[in-house]
Amino acid sequence: MTGNHKDKSITRRRAIAVTGGTVAAGGFAVAGYQAAFADTGTTATDAAATATTTASASAGSCMTLMSSVTEGPYYLDNALVRKDITEGKSGVPLTLRLTVVDATDGCTPVAGAAVEIWHCDAWGYYSGYTTANPGGSAPAESEDGSTADDNTYLRGYQIANANGVVKFETIFPGWYTPRTCHIHLKVHTGGQKEDGTYEGGKVNYTGQLFFADDIAEEIFTLEPYSKHSGSYTTLDNDMVYDGGGASSGLLTLKAVHKKDPSKGYKGFLTLGVDPDAENTGAGSGGGGGEGGTPPGDAPTGTPPSDAPSASASS
């Protein structure tokens with residue numbers, strides 16, 4: 001691996017806002033490289049995962065809420081409704097299958113919920129903030145050679161089906177100082193798709209998805225990730241992840257090909273939310289530091305002058 005990728009000096013700040021609890025996580029469909037991004041509908045293993053969620057709900061293990069945390073400093077209110085959010089960004093393929101359930105009503109699916117995700121690219125850069133320094137040593141974002149739109153890449157919405165399921169095609173995120181590898185997300189209800197994005201309604205849940213250290217560190221030895229060297233923050237030292245496993249956003253991951261991680265991963269998690277609650281994640285601490293602002297050693301920067309307005313919490 002390029003760089004040490006270990007940093008035990010970062011003080012862990014678990015600024016978790018309200019709720020905490022347990023939520024069920026299920027299994028994966030194992031397929032070839034193309035199938036990792038194919039929209040083939042519900043597979044046998046997807047059905048098994050849904051059955052696992054249903055069984056867990058019956059046992060009452062999903063009746064408390066996921067922990068809610070800050071949206072962080074790099075949220076932009078301009079994401080498009082789309083399944084594939086890569087826009088040509090290079091990296092290890094990642095297919096996410098997320099299930100939204102009502103944790104206050106027996107874990108019933110929340111059909112029509114809009115799940116929004118955003119994350120950095122393989123070198124730690126966010127769209128809208130492409131001049132921000134990800135820490136360590138990394139090429140400039142412009143050197144990746146992709147045709148991605150610098151205001152929209154690796155951001156998007158999907159609308160949950162009747163089973164509460166959404167699927168995204170993206171890449172494995174990189175990292176930036178002082179955070180561990182993660183994906184941001186919000187769950188919205190009550191709005192509607194309009195002009196290619198999602199309008200109205202309210203945010204019921206704001207959280208982050210996390211990756212096991214051993215898998216992340218293996219990925220970061222591969223191109224293009226290996227061009228970003230420096231001190232990678234493990235889960236134990238992250239300021240947001242609180243060690244709660246799935247209830248804290250830890251994804252269950254399955255390699256498409258066990259002997260070749262470059263072929264991609266599939267990730268699965270069930271999100272237990274309260275459809276009547278509102279939690280924008282603004283100013284709740286955690287992902288962007290106290291009060292939703294970046295820690296002193298976090299990436300800094302502002303969106304391009306022609307970019308859409310960022311969230312007030314930025």
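What does the protein chain average in pLDDT, and what percentage of the residues score at least 70? In this predicted model the chain averages a pLDDT (the predictor's confidence in each residue, from 0 to 100) of 78, and 69% of the residues score at least 70. Local features need pLDDT of at least 70, side-chain atom pairs count only at pLDDT 80 or more, and totals for chains, interfaces and linings use all residues. Residues are numbered from 1 along each chain as its sequence is written, and side-chain values use heavy atoms, with hydrogens and water left out.

Two stretches have pLDDT under 50 throughout, tabulated here with their contacts (heavy atoms within 4.5 Å).

| Residues | pLDDT | Contacts beyond four places in sequence |
|---|---|---|
| 1–61 | under 50 | 145 contacts |
| 284–314 | under 50 | 87 contacts |

The largest nonpolar core, a set of buried Ala, Val, Leu, Ile, Met, Phe, Trp, Tyr and Cys residues joined through side-chain atoms within 4.5 Å, has 44 residues, of which V115, F172 and F220 touch the most other members. Among the elements that each supply at least two residues of this core are strand 1 (93–102), strand 6 (182–194) and helix 3 (213–219), helices (H or I, at least four residues) and strands (E, at least two) being DSSP runs numbered from the N terminus. Not counting residues up to four places away in sequence, F172 touches residues including V92, I215, F220 and L253. A second, separate core of 14 residues includes W118 and Y198.

L185, in strand 6, is buried (under 20% relative accessible area; exposed is over 50%, partly exposed in between, with a 1.4 Å probe and protein chains only), its relative accessible area being 0%. The C-alpha atoms of L185 and G207 are separated by 5.4 Å.
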